[in-house]
Amino acid sequence: MRELEYARGFWNPYVAGIALGLVLLLTFYLMGTGLGASGAVARTAAVIAHEVAPTAVEQNPYYKEFYKPGGKHPLVNWMVIEVIGVFIGGLTAVLTARRFRPGVGRGPTASVGLRLGMAFGGGIIGGIGTRFAMGCTSGQALSGGATMVVGSWVFMMTVFATAFAAAYFVRREWS
Amino acid sequence: MSGPLYLVDAFGYGTSLWIALAVGILFGFVLERAGFGDARNLTNIFYFRDMRVLQVMFSAMVTAMVGLIVLSWIGLFDYSMLLDSSLLQTYLWPQLVGGILFGLGFVIGGYCPGTSAVGIVSGKLDALVYLLGMIAGIWVFAAGFPAWSDFYMSSPLGRVTLWQEFGISRELMAAAIVVMALMAFWLAGLAEEWAPYDK
């Protein structure tokens, strides 16, 4: 394996994995549910749309589950608070390791413009994917995977099979 | 005390939000320490350069899976409560289609939702752009929802696990997954030697 300069200084992957598994185990013990992330993004998207067009959002058949009459604000939610924690915990880890490096992660021959365009396009496709799957790598693959949920395993296998197959076509972005 | 604590009303909603913040902090810290704040570390798996995504995710999943079973053996976790009321529900076809879209988004965009948060606080502009793309994607999904709301709720299988589906015991299923993980770890080492895209 070639020495990758940007991959140095992190924990051994198995140590990091066991640590992550213990955090997940603690979450299940306390809450009965696992970790998540994409639900918080969906709620943020709904709140931004609501600022622009409140009536349309409250009547939209998808967003209205976040805007139930008499319900709490969509951002007063377990997963939204958890993701705020992810930002805080991630920043703590970055600062304590002195690893804050502004930039764009891309392959050695890919341009910044190509990479940012792909990041936006990939975000759109991935965002739509999280809604159909009702979760992402955290909620479905990790949390559903650890509890052996059928749909989560189908999701996880499909995600990796698709990404390995598609990787050839976007190799210029990463090589 | 036997978990899941929230489901037996050991604490209230307000406390649960503090727990959300605490486990979120731990989650974000470990994701960064795993190297998941950089899109290159996340996508190198698809080019067989660095298999850390597989190594971290599979070992995390196995740790939590075995941990929950051991806790239930020693009476510290009520697994049946999980199965009856809090397990994720399966919607087979939408989750398969969601997996295809999400897999494309992962290798094209370079992140997934949780790791993009860690990328942003690492100073990565591409992580921020990915997150903005995801927000736009959710607007697209919501705008078109009337067209695919039937599909979105289709093929509901309820709260169902692999061992129930295969008609075997929970422990046997977990053992099979552990064996699968060990084989995947071994193959990951070979894949890094192979690195077909870098030759």
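A helix is here a DSSP run of H or I spanning at least four residues, and helices are numbered from the N terminus. The model examined below is predicted.

**Exercise 1. Place A:Glu173 in its chain, decide whether it is buried or exposed, and identify its side-chain polar partner.**

Solution.

Step 1. A:Glu173 belongs to helix α8 of chain A, which covers residues 171–174.

Step 2. The relative accessible area of A:Glu173 is 1%. Because buried means under 20% relative accessible area, A:Glu173 counts as buried.

Step 3. The side chain of A:Glu173 makes a polar contact of 2.8 Å with the side chain of A:Arg115.

Step 4. Leaving aside residues up to four places away in sequence, the residues that A:Glu173 touches in chain A include A:Arg106, A:Gly107, A:Ala110, A:Leu114 and A:Met118. From chain B, B:Val107 and B:Ile108 also touch A:Glu173.

**Exercise 2. Describe the fold elements, extent and burial of chain B.**

Solution.

Step 1. Chain B contains 10 helices and two strands. Read from the N terminus, their order is α-α-α-α-β-α-α-α-α-β-α-α.

Step 2. Along the principal axes, the C-alpha atoms of chain B occupy a box of roughly 50 × 45 × 35 Å.

Step 3. Chain B has 199 residues, of which 58% are buried. Considering contacts between residues at least 6 apart in sequence, 66% connect residues at least 24 apart.

**Exercise 3. Characterise the exposed area and the charges of chain B.**

Solution.

Step 1. About 7,700 Å² of chain B is exposed, and 72% of this area comes from carbon and sulfur atoms.

Step 2. Chain B carries 8 positive and 13 negative charges, whose mean positions lie 9 Å apart.

Notes. Residues are numbered from 1 along each chain as its sequence is written. Chains are lettered from A and ligands numbered from 1 in the order in which they are written. This is a predicted model: local features need pLDDT of at least 70, side-chain atom pairs count only at pLDDT 80 or more; totals for chains, interfaces and linings use all residues. Side-chain values use heavy atoms; hydrogens and water are left out. Buried means under 20% relative accessible area, exposed over 50%, partly exposed in between (1.4 Å probe, protein chains only). Contact means heavy atoms within 4.5 Å. Accessible areas come from the Shrake-Rupley method with a 1.4 Å probe; for residues, only the protein chains shown count as cover. Lys and Arg count as positive and Asp and Glu as negative; His and the chain ends are not counted. The place of a charge is taken as NZ of Lys, CZ of Arg, CG of Asp or CD of Glu. A polar contact is a pair of N or O atoms within 3.5 Å; within protein, one must be able to donate a hydrogen and the other to accept it, and residues adjacent in sequence count only if both atoms are side-chain atoms.
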